[in-house]
Each structure stands twice: as C-alpha cells, then as structure tokens.
Amino acid sequence: MPQEKPGRLNPARLEAFSDGVVAVIITIMVLELHVPGKEIDNFDALRQALPILLVYLLSFIQTGIYWVNHHYLVDDLDQVTHGILWSNLALLFSLSLIPAATNWVAVRGISSFSIALYGAVCAFPGVPWMVLSALIQRRSNMPPASGFVKQAASFCLYLGSIPMAFVSPWIAIGMIVIVAVIWLLPPRKIVLMSSAKAVAGRT
C-alpha cells in the first residue's frame with residue numbers, strides 16, 4: 001500500500017468515506033419502504049403508495065445527484081485541507097437527513113407541513129455544497145463543473161418550495177423536481193472533456 005507523503009492529505013480517503021456514507025443513506029431510504037397490510041387489495045395498496053414511492057424516487061435522485069457531482073468536484077483536487085474535510089462532513093450530515101424527511105412524508109402523507117419540511121431538508125445540503133465548491137476551487141484553481149449560478153438557482157428553488165408547500169404541496173414538489181432535472185443534465189465541462197477524450201482515443 002503506497003504511503004502518503006508527509007504533510008500531504010490525499011483526497012482518496014475523503015472520496016471513499018463520502019461514497020460509503022452516500023451508500024448507507026440510500027440503503028436507509030430503501031429500508032424505510034414498508035409493504036401495506038394484507039387487509040388492503042394489492043392494486044389499492046399500490047395506488048395509495050404511489051405518491052410515497054415518487055417521493056422516495058425523488059429522494060434517491062437528489063442523493064444521486066450530489067454523489068455524481070461530488071465525484072466531478074473532488075476529481076479536480078490533488079490535496080485536501082482542514083476546511084475541505086469539515087465542509088465535506090457538513091455536506092454528508094445534511095444529506096443524512098434526507099431519509100428522515102422522506103420517511104416523514106411516508107408516515108404523515110403529502111401535506112403542506114411534510115412537503116415544507118422535505119423542501120427545507122433538500123435545501124440544507126446546498127449551503128455546505130457551495131462552501132465545499134468554493135474551497136475546492138480555491139485549492140485547485142479550477143472552476144467547478146457546475147457553475148455557482150446553477151447552484152444558487154437550485155438553492156433558491158429549494159427555498160421557494162418551502163412557502164409554496166403551504167399553497168400547494170404538489171407545486172412545491174414540482175419545484176424540487178425542476179432542480180433534479182436541471183442537475184440530471186451533465187455539466188458542459190464534463191461533456192467537453194468526454195468529447196476531447198473520445199477524439200483523442202480515435203487519433
């Protein structure tokens with residue numbers, strides 16, 4: 001096993017630990033899904049559970065988006081700092097609340113308060129994410145794959161979903177879905193890098 005150079009904090013451990021935590025978060029969300037009792041017809045049970053399954057799917061996508069973009073972010077890093085380590089831990093802590101918010105919706109149903117709480121939990125990781133992005137950009141001297149405008153717009157949509165939930169929970173969910181759609185599109189930087197590698201591979 002290669003030894004790290006003295007005074008150099010390799011980002012490999014940060015990335016491995018983050019991957020493990022995200023895997024646990026996704027596993028917890030799956031374990032919170034419960035099969036309805038036998039007293040309910042299968043199709044009726046599926047119809048009743050469909051909104052909760054959609055919220056679970058949204059939570060899975062939200063977590064996955066952070067995992068994918070965390071990979072893009074850390075890929076620019078050759079050495080971590082104290083601030084990067086702690087901001088990364090803050091991000092993981094905020095992501096660990098997503099299963100609890102998802103379970104709250106599962107137990108309490110889709111209501112104004114439950115979706116407002118869900119929107120707040122979705123917004124929470126945005127703060128440490130922006131801090132982590134800024135610290136890594138300062139360290140690597142490279143802009144993040146996803147620009148700060150995209151991050152700020154997503155955070156505003158999350159925040160807007162909180163009061164909107166008291167007007168219409170479904171519109172609030174729609175706002176969170178919009179954020180997911182925005183982030184599902186690959187960053188332009190990654191597309192250009194993939195194209196350049198493909199061209200280099202053919203030459």
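## Cavities, core and aromatic pairs

Thirteen residues' worth of wall surrounds the largest cavity: it is lined by 13 residues, and Tyr66, Trp129, Ser154, Tyr158 and Trp183 are the ones that lie nearest its centre. The model is a predicted one. This cavity has a volume of about 160 Å³. Helices α2, α6, α7 and α8 each put at least two residues into its lining. Sorted by class, the lining of the largest cavity has 8 nonpolar and 5 polar residues, with no charged ones.

Two of the residues named for that lining turn up again as a ring pair. In all, the count comes to 4 aromatic pairs. One of them is formed by Tyr66 and Trp129, which meet edge-to-face, at 5.6 Å centre to centre and with 75° between the planes. Tyr66 sits in helix α2 and Trp129 in helix α6, so this pair ties together parts that are 63 residues apart in sequence. As for exposure, Tyr66 and Trp129 are both buried.

Another pair brings in Phe93 and Phe124, again edge-to-face, with 6.2 Å centre to centre and 90° between the planes. Here Phe93 belongs to helix α3, while Phe124 lies in the loop between α5 and α6, so the pair ties together parts that are 31 residues apart in sequence. Phe93 has a relative accessibility of 49%, so it counts as partly exposed. Phe124 is partly exposed too, at a relative accessible area of 35%.

Helix α3 also holds Trp86. At 54% relative accessibility, Trp86 falls over the 50% cut-off and therefore counts as exposed. Trp86 and Pro128 are 42 residues apart along the chain, and their C-alpha atoms are separated by 9.3 Å.

Next comes the nonpolar core. In soluble globular proteins, nonpolar side chains tend to be buried together. The largest nonpolar core in this model has 41 residues, and Ile84 and Tyr118 are the members that touch the most others. Quite a few helices take part: two or more residues each come from α1 (11–31), α2 (42–75), α3 (82–95), α4 (98–108), α5 (112–123), α6, α7 (148–164) and α8 (169–184). Helix α2 gives the largest share of this core, with 8 residues.

Ile84 is worth a look in its own right. Apart from neighbours within four places in sequence, Ile84 is in contact with Leu14, Leu77, Gln79, Leu132, Leu135, Ile136 and Arg139. Ser133, for its part, is found in helix α6, which runs over residues 126–140. With a relative accessibility of just 1%, Ser133 counts as buried because that value is under 20%. Again leaving aside neighbours within four places in sequence, the contacts of Ser133 are Leu73, Phe148 and Gln151.

Back to empty space. Rolling a probe the size of a water molecule over the atoms shows where such space is left. The model has 4 cavities of 30 Å³ or more. The second largest of these cavities has a volume of about 60 Å³. Its lining is made up of Met29, Glu32, Leu33, Ile52, Pro99, Thr102, Asn103 and Ala106. Helix α4 gives the most to this lining, with 4 residues. By class, the lining of the second largest cavity comes to 5 nonpolar, 2 polar and 1 charged residues.

There are open spaces to consider as well. The second largest pocket has a volume of about 230 Å³. This pocket is lined by 11 residues, and lying nearest its centre are Asn10, Arg13, Leu14, Val80 and Leu85. Helices α1 and α3 each supply at least two residues of the pocket lining, and α3 gives the most, with 4 residues. The lining of the second largest pocket divides into 7 nonpolar, 2 polar and 2 charged residues. Leu14, one of the residues nearest the centre of this pocket, is also among the contacts of Ile84.

Key:
Residues numbered from 1 in each chain as written. Predicted model: local features only at pLDDT ≥ 70, side-chain atom pairs only at ≥ 80, totals over all residues. Heavy atoms only, no water. Buried < 20%, exposed > 50% of the residue type's maximum accessible area, 1.4 Å probe, protein only. Contact = heavy atoms within 4.5 Å. Core = buried A, V, L, I, M, F, W, Y, C linked by side-chain atoms within 4.5 Å. 1 Å grid on protein atoms, 1.4 Å probe; cavity = no way out; pocket = protein on both sides within 12 Å on 5 of 7 lines; lining within 4 Å. Points joined across faces, edges and corners; volume = space filled by probe spheres on them. Nonpolar A, V, L, I, M, F, W, Y, C, P; charged D, E, K, R; others polar. Phe/Tyr/Trp six-rings, centres within 6.5 Å; stacked < 30°, edge-to-face > 60°.
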